[in-house]
Structures are given as structure tokens and as C-alpha cells.
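Open your viewer and get ready to select. This tour goes stop by stop.

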Amino acid sequence: MKRGSVHAIVGENGAGKSTLMKILYGMYRPDSGEIFIDGEPITLSSPAVAIELGIGMVHQHFQLADNFTVLENVVLGSEPTKGGRLDFALARQRIGDLGRQYGLEVDPDALVEDLGVGDRQRVEILKVLYRGATTIILDEPTAVLVPQEVDELFGALLELKQQGLSIIFISHKLDEVRRVADDITVIRRGTTVATVKPADVNSRQLAELMVGSELPTPETRESTVTDVDVLVVKGLTLHDSVGRDLLTDISLAVHSGEVVGIAGVEGNGQAELVEAIMGMRTPTAGEIHLGSDDITTWSTRQRREAGVAYIPEDRTRHGLLQDSPLWENRMLGHQTQPPNARGILLDRKGAKADTQRIVDEFDVRTPSIDVLASALSGGNQQKLIVGREMSGDPRLLIASHPTRGVDVGAQSDIWDHLRAARAAGLAVLLISADLDELIGLSDAIVVMLRGELVATADPATVTPEQLGSAMTGAGGAGA
Amino acid sequence: MKIATMLAAGALALAACSSSTSGTTTTSPAPAGSASAKSDVKVGLAYDIGGRGDQSFNDAAARGLDQAKTELGVEVKELEATAGETDAQKEERLTTLAEAGYSPIIAVGFAYATSLGAVAPKFPKTTFAIVDDASLSEKNPNVTSLVFAENQGSYLVGAIAAQASKTGNIGFIGGVNVPLIQKFQAGFEAGAKSVNPNIKIQAKYLTEPPDFSGFGDPQKGQVAADGMYQAGADVVYHAAGGSGGGVFKAAVAANKLAIGVDSDQYLTAPADQKPVILTSMLKRVDVAVYDMVKSSVDKAPLTGVQTFDLAKDGVGFSTSNDAVTPYTAKADELKAQIISGAITVPDKM
Amino acid sequence: MIGRFSIRGVALSVAAPLLAIVFALTVTSLVLLATGNAPLGAFSTMLAQLEKPRIQVNILNSATTYYLSAIAVAIGFRMKLFNIGVDGQYRLAAMLAAAVGGAIALPPVFHVATIILVAMFVGALWAGIAAVLKVTRGISEVISTIMLNFIATGIVAYLLAPGRLAVEITGSNNIGTKVIPESGRVPGLPIIPGTPNLVFGMIIMAIIVGVGYWFVINRTRFGFDLRATGASETAAVASGVNVKKMIIVTMLLSGAVAGLVGMPQLLGDSYTYGLDFPTGLGFTGIAIALLGRNNPIGIAFGALLWSFLDNTSNSLEFDNVPKQTVLIMQGVIVLSVVIAYELVRRYRIRMVASDVGRQLDAELVTTAAQGGSA
């Protein structure tokens with residue numbers, strides 16, 4: 001790739017993007033092949049070497065210390081010292097300079113925990129610039145941003161590019177890739193399939209290059225919404241430990257055969273709402289009904305046994321046991337129900353057989369159901385979770401970002417599974433940061449801001465931009 | 001001349017204390033000067049936890065053994081207990097010694113009582129002895145009990161403490177709260193009250209069983225003694241083994257007096273502590289061990305319960321610090337009365 | 001494929017302990033050399049002890065106790081719950097059970113059962129305090145169990161006095177609870193020929209506890225919840241596990257097994273809880289649980305190894321090798337096992353990950369060759 005350009009790398013999950021980046025950042029050693037910088041072959045034996053060579057990485061999941069200030073986070077690991085003491089004055093000045101130079105201004109004394117997602121990302125980029133990076137790797141930088149923030153990010157990238165920095169940009173979102181990249185490399189199953197110019201392809205062609213086959217067409221479907229209440233939330237209010245409102249007076253209903261989407265910038269109470277519905281948090285006020293039962297005081301296990309399925313937002317933290325084999329992960333969340341258990345005993349045979357079924361039906365790519373979950377790529381992990389949660393005929397599915405970090409092929413598979421289940425009468429509460437997904441799948445959309453439901457939108461008419469405005473509180477979305 | 005001898009003795013004792021804790025089988029070197037018969041008696045010594053170098057009664061036993069080695073030319077083998085071991089492991093230790101032909105085999109400490117009770121009947125031809133336990137010799141003719149009248153010795157140092165105290169306030173620090181150490185306390189308090197019926201006596205135990213660290217934790221000793229001195233005591237008697245060093249430190253800091261235990265601690269203490277160590281209650285484990293070995297060498301081993309009391313000079317008090325001189329007359333008088341039976345010293349609190 | 005996986009799996013699982021033992025032997029040899037002793041001589045002295053039937057009995061007997069202690073610790077470890085208080089739990093339990101056992105008269109089997117149940121109950125109760133503190137007040141069980149060890153020491157010291165639960169033994173400086181009569185004792189097993197010494201009958205109890213541990217952890221819903229909580233508390237919560245309840249139940253179980261730790265010694269040898277009752281077994285259990293990787297079979301080997309080292313250390317001292325060598329050896333073994341397993345674990349994860357990749361490639365080629373019929 002050339003100096004002063006944005007080079008995008010796209011590919012399905014498990015195609016090898018992350019592995020490639022980890023090699024570039026010195027976290028893995030290649031088995032064969034060579035890497036050149038300015039014509040020189042180099043050996044990247046560790047991240048430290050990579051940093052020295054001017055390669056910096058912005059991870060998909062921010063690696064910031066929440067209770068440190070921006071300044072402290074930026075210098076963390078390369079602290080400026082003067083006579084053995086920290087020299088913050090110098091660092092403050094450099095951060096200010098960098099911010100002005102690249103349009104990445106952030107208050108250096110703000111606590112990171114008080115920052116929004118966009119600002120945090122700027123801090124991450126500042127961090128690598130501070131270390132003198134000339135090549136910056138961005139791993140799925142837009143996954144957590146609303147459209148407006150994406151625009152700001154792209155502005156900054158343009159600035160960086162014009163200053164002569166090289167940017168490697170990894171993403172699933174093909175429209176964005178085409179907007180920002182100068183060159184696009186498509187990789188599939190660990191090899192380069194094509195390198196194209198954005199002007200030469202449309203998103204659909206790009207997607208087909210990634211998947212290696214023609215894409216199924218999304219959208220166009222009939223409403224399957226019934227008037228049977230499955231989930232009814234009334235006046236749900238939740239306080240945090242010091243009594244501040246996390247959720248205020250939330251009321252909503254999801255009917256059998258209906259997908260209700262919740263739009264909102266992350267951190268506006270969606271996670272808390274989901275956890276309250278799942279019984280992982282005890283609401284301060286309000287009621288939750290499942291069908292004819294008041295489940296407000298039920299335990300998570302009771303709710304799960306009553307037919308509530310749950311695709312958690314953070315699969316590594318809430319969805320999987322990384323160091324356990326796949327078939328044990330199939331039991332997780334359903335360990336009290338057939339085919340995983342008989343009485344108080346586990347039914348290992350039943351669980352294994354059913355895991356094999358999920359692996360086959362949901363196209364989980366794995367050599368065996370005995371491998372540890374951590375050995376699978378993110379997309380395959382997600383397919384396993386979706387397969388698991390769709391098993392056992394659930395009545396209600398709480399799906400938090402069901403296709404986050406999942407490649408296009410798997411994404412459309414998951415969508416198909418959701419639609420099929422919806423047609424069979426499943427009620428779905430869908431939380432997603434992917435507004436296209438939200439609009440495409442939902443029968444109704446509500447917008448959440450600061451713990452309140454502030455607007456509703458009709459997915460048939462609303463545009464992602466309108467939704468984005470409503471999410472940031474800038475304006476209504478046709479409420 | 002006297003001082004020179006004392007220093008030499010102190011140096012020797014120090015050397016003994018700092019010697020390594022590893023077992024030693026060195027067949028005794030030809031003792032310098034004194035004529036000694038080479039004996040074919042093999043002595044086995046099984047220490048309690050801490051072993052040689054604990055600056056307490058294991059060391060006292062070691063001294064007796066060393067003396068026997070030099071003077072009698074016996075071969076010795078020393079084995080040591082591990083913290084937290086079971087009776088089975090103690091049995092194994094005693095059995096190993098017995099099978100290897102050692103006799104007498106001396107077990108140091110009452111913790112060996114159960115295991116020795118199991119081993120002794122299996123080796124009827126071997127002579128065993130146990131320090132601080134009197135429960136075995138009745139049933140086992142080959143077990144000799146070596147016990148001490150610690151209460152009598154403590155009675156005398158109690159009397160000395162009461163005389164030396166200007167505040168009428170003295171202290172007792174026990175290492176671990178077990179009946180054996182309560183015996184020290186009982187004698188000490190009775191002795192002190194015989195001199196001054198109104199004396200105030202502070203008493204404290206450093207640890208509770210099964211935590212036996214109170215016998216080897218100078219830090220704890222120092223804290224406890226500090227407290228007593230601050231509360232008005234001006235003489236503190238410790239029966240706390242290795243923790244005693246801390247008691248002496250506290251005494252130096254407070255410029256008050258302390259009384260040592262087991263051996264004459266005046267002789268082994270650093271120069272700055274010597275002045276504060278008024279006297280020591282002597283519990284002559286070394287004498288007991290030596291006598292036991294000697295009797296075996298003489299082919300007439302001691303049997304039954306051997307109580308080392310004042311009459312036998314098995315307990316007593318030291319006079320190496322001249323500061324104690326004003327109080328010894330009274331102590332000697334009491335000693336005579338105890339030996340004659342005119343005074344019976346209590347052995348329980 | 002599966003075959004290759006498992007052969008390598010076996011090789012890998014043997015590699016870690018082997019690596020650890022080789023490393024530990026090397027370090028110990030260096031220590032021995034540095035102190036002027038011949039390593040080979042010392043090791044062969046210890047091994048030679050194995051031939052003695054008496055030593056064999058002692059090894060089995062100590063291992064029985066160690067095994068129970070390690071299982072008690074492992075129950076908590078599987079849930080990332082660090083029960084450092086096994087030591088206090090077993091001492092308090094053994095003392096009270098001994099007192100009860102000495103005070104009552106029951107037919108043989110019932111007498112033993114009563115003593116054991118009392119011990120398990122007391123152990124569970126003592127561990128339960130830490131669990132309740134953790135669940136209601138968020139106090140780390142590490143801290144509370146350590147503190148409870150001290151409190152247990154205090155209680156035992158208070159109760160173990162003449163006039164309370166202890167009786168004096170005439171002529172001895174030891175004191176203990178009233179001796180448990182014949183009906184409350186567990187007879188030894190004459191399974192080692194050549195010695196009158198008997199193996200603790202409680203070894204059977206230890207085996208039952210080991211099998212029960214394996215079964216509950218691996219085959220029951222409860223065991224799954226427990227392991228899931230240990231593997232990822234957040235995922236366990238999301239899966240419907242009531243973590244607070246799990247903490248309570250697991251600590252109670254751990255404490256109940258801890259209560260058994262003193263039983264082999266009490267019912268098979270001492271018959272009384274005295275000042276000379278073995279202490280510190282709870283900490284030995286922690287080391288052995290680490291050594292055995294919380295696996296019931298691994299712990300059995302760990303307990304036997306530990307017991308072998310303990311029971312042959314006398315012979316070292318007899319040969320003038322400091323017996324503290326054994327302590328060094330034990331410490332080094334635990335450290336090397338922890339390190340070796342971590343190394344092998346990382347290696348294994350890398351291997352599996354690259355296997356998954358290679359497998360997918362191979363599959364792809366096959367699929368392509370077969371014209372896409374998967």
C-alpha cells in the first residue's frame with residue numbers, strides 16, 4: 001500500500017482479517033512470507049517492534065482505562081519522564097498539537113468514562129499518533145458509531161491521509177469502505193481474492209467477492225404481526241446504586257410474530273433494559289409480563305425456562321465460556337432443559353447431538369464440537385449462539401446486536417433464521433447499532449435516549465439519517 | 001577472671017545457638033584436655049518443632065547432648081519434627097532410630113507422648129526417654145519420663161521479681177497457653193505473692209494452641225512486654241522460648257527488668273541486654289539429657305518418672321548478673337523451705 | 001482427525017506434569033549441590049524408603065488426609081472461590097466432632113456416622129459464614145476465611161481446656177478431648193502386608209468423596225452451573241445461574257468436605273483432639289489442589305506425591321541431608337506445575353486455533369472437489 005492512502009481490507013468473519021492485522025502488529029508470527037516497509041523486509045516480533053516501526057493499532061474494543069484522564073490514557077505505556085518523574089506538561093502540549101494538526105481535539109483532562117464513543121475512538125487514535133505511528137490500523141472502527149460520528153471519523157481519516165499517514169481500515173460495512181478507501185483488498189479464507197478501486201465496484205459486487213457467491217436479497221416481506229401480547233413492559237424504572245435513573249418509565253409491548261427494534265446510541269439504557277427483562281437486574285418500579293404471567297420477580301433461570309431466549313450484546317462476556325468445548329457452550333443458558341439435562345443430571349449425549357445439529361443447520365465452521373469456543377472466529381461463535389437461542393422453540397427472543405462482528409454471509413443467514421422464527425410466531429426485541437438491520441428487520445422501532453423511550457418510527461418510511469438524528473436527540477423521527 | 005570465663009561461656013553458647021539446624025552425626029571429636037572414655041552407646045535425639053537452634057528447650061537438650069558427646073564419647077543422631085506432622089510421622093522417626101540400634105532414644109517434648117507410647121512396646125530392649133511427659137513410664141518399663149518442677153523454679157524467680165519491683169507491679173508472658181506454661185505462671189505468681197501479697201501481676205500468653213508460634217516470635221514478645229511496662233510493670237518474667245528476645249528488647253527500651261527462662265539467658269544475650277536480665281529460671285533440660293545418657297553409659301539407665309526439681313537442681317535461678325544479689329538470700333531461704341516440704345508450690349492456675 | 005487430536009491431547013496432558021517434575025528435580029538438585037549434598041544419593045535414599053511397608057502405610061494414610069483437604073479446596077477453586085479457610089474449618093470440625101464422639105455412646109456404625117456428620121456440619125457452618133459475608137456484604141472470601149482461621153484457632157484454644165471440652169491426661173502436658181470409645185472408631189485396613197500398621201479405613205471415604213466430586217462437577221446441572229460460574233461469572237449470570245446461591249452452596253459443600261479432613265486421623269489413630277493434632281493441613285490442600293489441577297485423579301497423584309515427600313524426609317535427615325530440602329522440593333513442584341500447565345495451555349490453544357484454520361482450509365478443498373456437496 002502507498003504512503004498517504006487509505007487501504008481497506010474486507011472479508012468474511014474468519015477470513016483472516018484479524019489474523020493479518022495481528023501479524024502486522026507483531027502479535028503473531030507468520031509461518032511464511034515477508035513484510036516490507038519502504039522496500040525493506042522487516043521482522044515484526046512483538047507489538048513493541050511494530051510501534052517502533054511506526055505501526056499503530058486501534059482495536060475494535062477500546063483499550064482505555066476508564067478512570068484515567070485522556071492525557072493519562074494517551075501517555076500510558078510511553079510516559080514522558082524528566083529525571084525519573086512524569087512530565088505531563090510536555091505530553092499535554094504534544095497532545096494539543098496532534099489534536100489541532102489532525103482535527104482530533106479532545107479535552108486532555110476529561111475522564112475517559114465521561115466520554116462518548118466517538119471521543120473515545122479519537123483518544124485511541126491520538127494514542128497511536130502520540131507513539132509516532134505513520135501507519136494506523138483501524139479494526140472495525142465504525143461498528144460502534146452512529147452515522148454522524150462516522151462522518152466525523154472519516155473527516156479525521158482524510159486529514160491524516162493528507163498529512164502523509166497510511167491507514168489500514170478493516171470493516172464489514174461495504175458502503176463505508178467504498179466511501180473512505182483508496183484501495184480495497186478482499187480476502188477470503190486466508191487468501192487475497194482481489195484488490196479493487198472503490199470506483200470500480202458497487203457494494204453488492206464487493207459483498208459477492210467476499211462471500212464468493214451471489215447474495216440473497218434482503219427485505220420485502222409480509223407482516224406476521226399478531227395481536228397476542230408476548231412481552232409487555234409497563235412503567236419500568238431502574239435506578240443505579242446511587243439512585244440515578246438508568247431507565248425511566250419504559251413501556252412497550254412485543255406481540256407474537258413481531259420484531260420490535262430499539263434504536264439508540266450505545267449507553268443510553270438499552271443494555272440495562274435488556275438485563276432487566278432477562279432478570280439480571282431488579283427494576284426499581286414497573287412490571288414485566290410474559291404472556292399471561294407477571295415475571296417481574298422471576299429469576300433469570302425461570303424466565304429462560306419459560307421460553308425467553310437471549311442473544312447477548314457481548315458474546316465473549318455474556319454468551320460463551322471461552323475455555324469450554326462447543327457442546328458445553330450449547331448447554332449454557334439451557335442447562336436445565338432437554339436435550340441438555342434429564343432431571344438433575346446433564347444429558348451429555350443429547351447436548352452433543354444437538355450441538356452437531358446446530359453446527360450443521362447454522363453453518364458453524366468448526367472441525368469438531370469438542371474444540372474450545374475460543375478457537376472459533378467471532379462470526380462462528382455468534383452463529384453458535386444464535387443457533388442455541390433459537391433451539392427449543394422460544395416464545396420471546398431478546399436479540400442484542402445479533403449480527404455484530406458477523407460477516408455478510410452469516411448475517412443474512414441469521415436474518416433468515418430470525419424471519420423464519422418470526423413467521424412461526426416468535427416475538428423479538430431487537431437492539432442493534434446497525435440501522436439498516438434495524439430498519440430491515442423490525443415491524444416497529446422505538447428510539448431510546450438517556451434511559452427513556454423518546455420516539456417511535458415506522459421502519460417502512462424512516463431513513464437511517466432520520467433515525468440517527470432522533471438517537472442523538474437532534475430531532476424527531478416521525479413520531 | 002570470672003568475667004573472662006563468662007564471656008567464653010557466652011560465646012560458646014552463642015555458637016551452639018547459631019549452629020545449623022541440619023542433623024549431625026559427627027562422631028565426637030577427641031575432647032581437648034579432659035580424658036574421656038570412648039563409649040559404644042548410640043544416642044538418638046528426636047527434637048520437637050524448631051529443633052536445634054530454637055534458642056529454647058530444644059537447644060537446652062542439644063547442649064546436654066553435646067556435653068555427653070564430648071565427655072562420654074557417645075555417638076549421636078539428631079532428628080527434627082516438621083510443623084503440622086502427624087503422630088504417625090513421629091512414630092516413624094522414633095522407629096527409624098530404634099531400628100538403627102540407637103539407645104537411649106530421647107524424645108524432646110510432650111508432643112511425642114502418643115507416638116512414643118505406640119513405639120516403645122515394639123522395642124522392649126531399647127531405652128526411651130521423653131522430656132516433659134510423665135504419662136508413659138508407668139505402662140512402659142523402657143520409657144523414662146524426664147519432667148521438671150518448673151513451678152518451683154518459677155516460684156523463686158517470682159519471689160525475686162517481687163523484691164526487685166519498686167512499683168509493686170510485675171508481669172508474666174507465656175509463649176503458648178498450654179498447661180505446661182500455666183505451670184510456670186502458677187509458680188511465679190505464688191512466689192511473688194509470698195513476698196508481697198498485694199502485688200499486681202499482669203499475665204499474657206502470646207498465642208493459643210494449636211498456634212505454637214508464641215514460642216518463636218520475638219516481635220510478639222516485644223509488643224506484649226512493651227504493653228506491660230507501659231502499664232506499670234517493672235519486672236517481666238517470660239516463659240516464651242524464642243520470643244523472649246523481644247521481651248529483653250522491650251526491657252532495654254523501657255529501662256526496666258526482665259527475667260529469662262530455661263537457660264541462663266544473661267550469658268547468651270547481647271551486651272546491651274545483659275543489664276536488664278535480672279535472672280533466669282533455669283530448667284535444666286541439658287542436665288536431664290546428660291544424666292539420661294550418662295546413666296545409659298554406666299549401664300544403669302534411669303527409669304520411671306525422673307522429676308528434676310529444686311532438690312535435684314533440675315530447676316533453679318541464675319545468679320550471673322550481680323544485680324540479683326540483694327534478692328538471693330530470700331530466694332535461697334524459700335528454696336530450702338520448698339525442698340524441706342514446708343512450702344508446697346501450686347502447679348496449676 | 002479425531003485420532004490425531006486425542007493422541008496429541010494425551011501427549012500434551014502428560015507433557016505438563018513431566019515438564020514440572022523435571023524442572024523441580026533440577027532445581028532441587030541444584031539446591032542440594034549448593035548445600036554440599038549429592039542429589040542422586042538423596043533421591044535414591046527417598047525412593048528406597050518406598051520399599052518399607054511401614055512407609056507405604058504412612059504414605060497412604062497421609063495422602064488420605066491430604067486428598068480430602070485438596071478436594072475441599074478444589075470445590076471452591078472450580079468456581080474461582082478461594083476457600084483459604086479449610087484449615088480452620090477442619091480443625092474446628094475435628095475438635096467438636098471429637099468432643100461429641102467422646103461424649104456419646106451409640107452402636108458402632110451410628111457412632112461413627114454421628115461423628116462424621118457433626119464434623120461435616122461444623123465445617124460447612126464455618127465456611128458458610130464466609131459465604132454469607134460475601135453474598136450479603138461483598139467481602140472477599142479470601143480475607144474472611146483467613147480471618148475465620150484465626151477465630152477458629154481462638155475457639156479451639158478456648159474450648160480445649162480442662163473443664164470445658166478437654167480432659168487432662170494424667171502425667172502429660174498434653175490435653176485433649178475425651179477419648180472416643182471403640183464404637184466410634186473406624187478400623188484400619190490390613191492391605192499392606194509386612195507390617196502390623198493399618199491403612200486408615202477412611203481411605204474409602206476419601207475415594208467416595210473423590211468419585212462424588214467428579215460426578216457432581218461433571219455430570220450434574222449443579223456442577224455445570226458451578227463450572228460455568230468459575231469460567232465466566234458474567235456468562236453464568238446471563239445463562240440463569242443464581243451466583244449468590246451458588247456461592248453459598250459451594251462454600252457449604254467445600255466446608256463440609258473440609259470437615260472430613262481431620263476424620264482419618266481422629267477416627268483411625270488419635271481418637272482424641274489434643275494439642276498434638278496435626279495442623280496446617282488446609283494449606284497443604286491448597287498446594288495439592290493446584291498440583292492436581294482440581295482434577296480428582298490429578299489430586300490423588302498430587303496427594304500421594306506430597307505424602308511420599310513428607311514421609312521420606314526423615315530418611316534424608318538420617319543421611320544428614322537437611323530435611324528442609326523436601327519443603328523446597330514441594331514448593332518448587334507446585335510452582336513448576338502451575339507454570340508448566342500455563343505454558344502447555346497456551347501452546348494447546350495456539351495449536352487448536354491453527355488446527356481449526358487448517359481443518360477449514362482442508363474442508364474447503366474437499367468441498368470444492370466434491371462439487372459443493374457438504
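What percentage of the 479 residues of chain A count as buried? The figure is 47%. Keep in mind that this is a predicted model.

**Stop 1: all of chain A**

Select chain A. Its C-alpha atoms fill a box of roughly 65 × 50 × 45 Å along the principal axes. A compact globule with 479 residues would have a radius of gyration near 23 Å, and chain A has 23 Å, so the two agree. Now switch to a cartoon view. Chain A has 17 helices and 22 strands. Consider its contacts between residues at least 6 apart in sequence: 67% of them join residues at least 24 apart.

**Stop 2: the domains of chain A**

Colour residues 6-211 of chain A, which are domain 1. Give another colour to residues 229-471, which are domain 2. How far apart do the C-alpha centres of these domains of chain A lie? They lie 30 Å apart.

**Stop 3: strand 7 of chain A**

Select residues 135-139 of chain A, which form strand 7. Is this strand mostly covered or uncovered? Strand 7 of chain A is mostly covered, with five of its five residues buried. Show the side chains.

In a regular strand, side chains alternate between the two faces of the sheet. Look at one side of strand 7 of chain A for Thr135(A), Ile137(A) and Asp139(A). Turn to the other side for Ile136(A) and Leu138(A). Both faces are covered, and these residues are all buried.

Next, look for the partners of this strand. Select strand 4 of chain A, residues 55-58. Four bridges join strand 4 to strand 7 of chain A, and the two run parallel. Pick Ile55(A): its bridge partner in strand 7 of chain A is Thr135(A). Then select strand 8 of chain A, residues 166-170. Five bridges join strand 7 to strand 8 of chain A, and this pair runs parallel. Here Ile137(A) stands opposite Ile168(A).

**Stop 4: all of chain B**

Hide chain A and select chain B. It has 349 residues, and 62% of them count as buried. Its secondary structure comes to 11 helices and 12 strands. Among contacts in chain B with a separation of 6 or more, 70% come from residues 24 or more positions apart.

**Stop 5: strand 11 of chain B**

Select residues 305-308 of chain B, which are strand 11. Which residues of this strand make up the covered face? They are Gln306(B) and Phe308(B). Val305(B) and Thr307(B) form the uncovered face. Add strand 5 of chain B, residues 143-148. Four bridges join strand 5 to strand 11 of chain B, and these strands run parallel. Find Val147(B): its bridge partner in strand 11 of chain B is Thr307(B).

**Stop 6: helix 6 of chain B**

Select helix 6 of chain B, which has 17 residues. At 1.5 Å a residue, helix 6 of chain B should span 24 Å; its end C-alpha atoms are 25 Å apart, which agrees. This helix of chain B is mostly covered, with 14 of its 17 residues buried.

**Stop 7: where chain B touches chain C**

Bring chain C back into view. The contact takes 33 residues from chain B and 35 residues from chain C. On the chain B side, helix 3 (87-99), helix 4 (113-119) and helix 6 (179-195) are the elements that give two or more residues. Which of these helices of chain B gives the most? Helix 3 of chain B does, with seven residues. Finish by colouring by class. The side of chain B that touches chain C has 12 nonpolar, 12 polar and nine charged residues.

Note on methods. Residues are numbered from 1 along each chain as its sequence is written. Chains are lettered from A and ligands numbered from 1 in the order in which they are written. This is a predicted model: local features need pLDDT of at least 70, side-chain atom pairs count only at pLDDT 80 or more; totals for chains, interfaces and linings use all residues. Two residues are in contact if their C-beta atoms, placed from the backbone, lie within 7 Å. Ala, Val, Leu, Ile, Met, Phe, Trp, Tyr, Cys and Pro count as nonpolar, Asp, Glu, Lys and Arg as charged, and the others, Gly among them, as polar. Domain bounds come from an automatic or database domain assignment. A residue is buried if 20 or more other C-beta atoms lie within 10 Å of its own, exposed if 12 or fewer, and partly exposed in between; C-beta atoms are placed from the backbone. Two strands pair if DSSP finds at least two bridges between them. The radius of gyration is taken over C-alpha atoms; the globule rule is 2.2 Å times the number of residues to the power 0.38. The expected span of a helix is 1.5 Å times one less than its number of residues.
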